[in-house]
Amino acid sequence: MENLDVSRTLTTLADLLEIQGANPFRIRAYRNAINTINSLSRSLSSMVEAGEDLTEMPDIGTSVATHIVELIQTGRISRLDEVSAEIPVTLVDLVRLDGVGPKKAKKLFEALKIETVADLEAQLDAGTVQALAGFGVKSAAKIRRSIEDHKKHTGRFQIHEAEKLIAGVLEHMASAPGVEAIDVAGSLRRRKDTIGDVDILARCEGDGTPVVDHFVAFSGAARVEGAGPTKGSIVLHSGLQVDLRVIPSRSYGAALQYFSGSKEHNVVIRTRAVRLGLRVNEWGVFRVPEDADPATLGKEDGERLAGDTEEGVYATLGLAWVPPVLRENRGEVEAAATGAMPALVSLEDIRGDLQMHSTWSDGTSSVEEMALACRSLGYTYMAVTDHSQAMAMVQGLTPERARAQWAEIAEVRERVDGIDILLSAEVDILKDGSLDMPDEILEELDLVVISVHSFMDLDKRTMTERVLKAMTHPTVDILAHPTGRRINRREPFDMDVESVLEAAADLGVAVELNANPNRLDLNDVHVHRAKELGVPVVISTDAHSPRGLLDMRFGVDQARRGWLEPGDVLNAKSVADFRIWLDRRA
Ligand code: DGT
Ligand code: CA
Ligand code: CA
Ligand code: ZN
């Protein structure tokens, strides 16, 4: 079982206890323990297996430790079973809605028997919620808006969560009987920013039943959704569903192609096959006699032309192999047919990281620690981009503190060689589009990164004008996390991205693809548009610790989904070429 499964289960318990009206100190203790678990670098399962005392970790008390051990050993927490016998588990979805909270959730349940978000929506429609004391029309409207947001997010996992959660399943499947290979397919293989469910394939000849049996016996499975001779489906404690298909070698490539999707890509592939007089399905590529009756045609009838490898499937259709990240029906099939497939950027191409925070603002590590970490990743340049003073709650840099930071950076440059440390800052774009640093500071910075962190609910025109105005400042180099989205938490703000990208092209400003898996902002589609307009894209981690620097790969995956090649990525330049770009206005 993964740490994330443990923390999600404890969160459910804490939410339910809070609805029940438990002692706030107990609830706080749970939340603190959950924070500890979320920042843990070791696996709780292995600690429990080794018999370690979990209470030696910060904020883990005896009762939480007992719950964790029980969950890992048995897959259940009896306390959670008790509590959920009294109040429906689905109420936790209500609590997480903006404008509801534990007290209101309890009231909605007791007064109106509302158990789910769908119930709540129905009763809002009927007007019964508005009539309840303590609710009213205004709060009902707020709740309705957050239900809309909730619907957009519900059920999808962020890529880094899905990746962590599936690791244990893959490890478990490594010892499945008769299995020669396991591969991840679906949206996770395409490296989408969010994942509905995870699809995995097992290569195995003969009866798949023992493989499926092994799969559904995974100790981290909260429930089994289905099990048959060729497929099985489980749901992990986190709510993530995992689908397994067992496939023989002769069809493995075709199945991998089919189940990697996307559906839209597959439709184009199938149509192309039909035009060539062929049939593609998850079993292979077949030439079917023209007079065959489709109604009686078996899955593997006809002359088999391909199926054991993915390359073979594409080649039979006259196509180059298509990297999974591109399989979204955005022109990739045409590119594969005409030899115009892009040579996508890869993690090895990245030479520097141009957004990170140190202890000068909200980072956990010193400039020197960040520099050493960047150097050990093989980077030759980096920018320390602490916040500016508008971010007072994280001690954003005042002009005086900026100068003090430069003095420290000068010292670090003396001590750490082999990497260029640029003077920089993540300067807030204020409400009126001006920048949160005086010109004399901006002019001395090597790299000016700007971004919006406040007044994010402006209307589209005002927000667009605000950002455009900020970009015209002649010192600006990079517009960071341009749309402000927080995946599954906050929608992108209302802004005309097209106008912003066009302005970036005109002004010589680069745009960021923030690699933090909570952001991935700009997204793949916008990044593709930036490429078309000739706007350089910077893939930066926005790291707040050395570990955060490792998020670079998530940014690179999204850049690849946006068709970026090394030449499109500013921080794939050598340090010399990057310096030339910095001097572009000189
Ligand atoms: P997700 O799970 O929502 O993040 O997205 P996917 O792409 O993983 O979708 P999923 O899990 O429903 O199905 C996995 C792949 O299987 C999908 O990408 C393509 C293939 N597939 C599933 N159903 C269909 C279908 O009805 N038609 C076609 N052409 N392909 C399908
Ligand atoms: Ca899927
Ligand atoms: Ca699926
Ligand atoms: Zn920021």
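## Who touches ligand 1

Start with the ligand: one of its oxygen atoms is 2.7 Å from a polar backbone atom of Gly-196. Keep in mind as you look around that this is a predicted model.

Two arginines come into the picture as well. Arg-156 has a polar side-chain atom 2.8 Å from an oxygen atom of ligand 1. With Arg-270, the partner is a nitrogen atom of ligand 1, and a polar side-chain atom of that arginine lies 3.5 Å from it. On its own, ligand 1 has 590 Å² of accessible area, and the protein covers 74% of that.

## The pocket and its shell

So where does the ligand sit? Ligand 1 takes up the space of the second largest pocket. Three elements give two or more residues each to the shell around it: helix H12 (186–189), helix H14 (249–260) and helix H15 (263–275).

How many residues surround ligand 1? The count is 16, and the closest are Arg-156, Ser-187, Arg-190, Gly-196 and Asp-197. Sort the shell by character and you get seven polar residues, six charged ones and three nonpolar ones. Domain 2 (157–247) and domain 3 (252–338) each supply at least three residues to this shell.

## Two cis peptide bonds

Now for some backbone oddities. Most peptide bonds are trans, but the bond that joins Gly-261 and Ser-262 is cis, with omega at about -5°. Ser-262 is found in the loop between H14 and H15, and those two helices both give residues to the ligand shell.

A cis peptide bond also joins Asp-521 and Leu-522, and here omega is about 5°. To find Leu-522, look in the loop between strand E16 (510–514) and helix H23 (524–533).

## Two residues with positive phi

Phi is worth a look too. Most residues other than glycine have a negative phi. Which way does Asp-59 go, positive or negative? Its phi is positive, near 65°, and Asp-59 is not a glycine. You'll find Asp-59 in the loop between helix H3 (44–49) and helix H4 (62–74).

Trp-563 is another case: it isn't a glycine, yet it has a positive phi of about 70°. Trp-563 also has its place in a loop, this time between helix H24 (552–561) and helix H25 (575–582).

Methods
Residues numbered from 1 in each chain as written. Chains lettered and ligands numbered in written order. Predicted model: local features only at pLDDT ≥ 70, side-chain atom pairs only at ≥ 80, totals over all residues. Heavy atoms only, no water. Near = heavy atom within 4 Å. Polar contact = N/O pair within 3.5 Å; in protein donor to acceptor, adjacent residues only side chain to side chain. Areas by Shrake-Rupley, 256 points an atom, 1.4 Å probe, with all protein chains shown as cover. 1 Å grid on protein atoms, 1.4 Å probe; cavity = no way out; pocket = protein on both sides within 12 Å on 5 of 7 lines; lining within 4 Å. Sits in = over half its atoms within 2 Å of the grid points. Helix = DSSP H or I, 4+ residues; strand = E, 2+ residues; numbered from the N terminus. Nonpolar A, V, L, I, M, F, W, Y, C, P; charged D, E, K, R; others polar. Domains from an automatic or database assignment.
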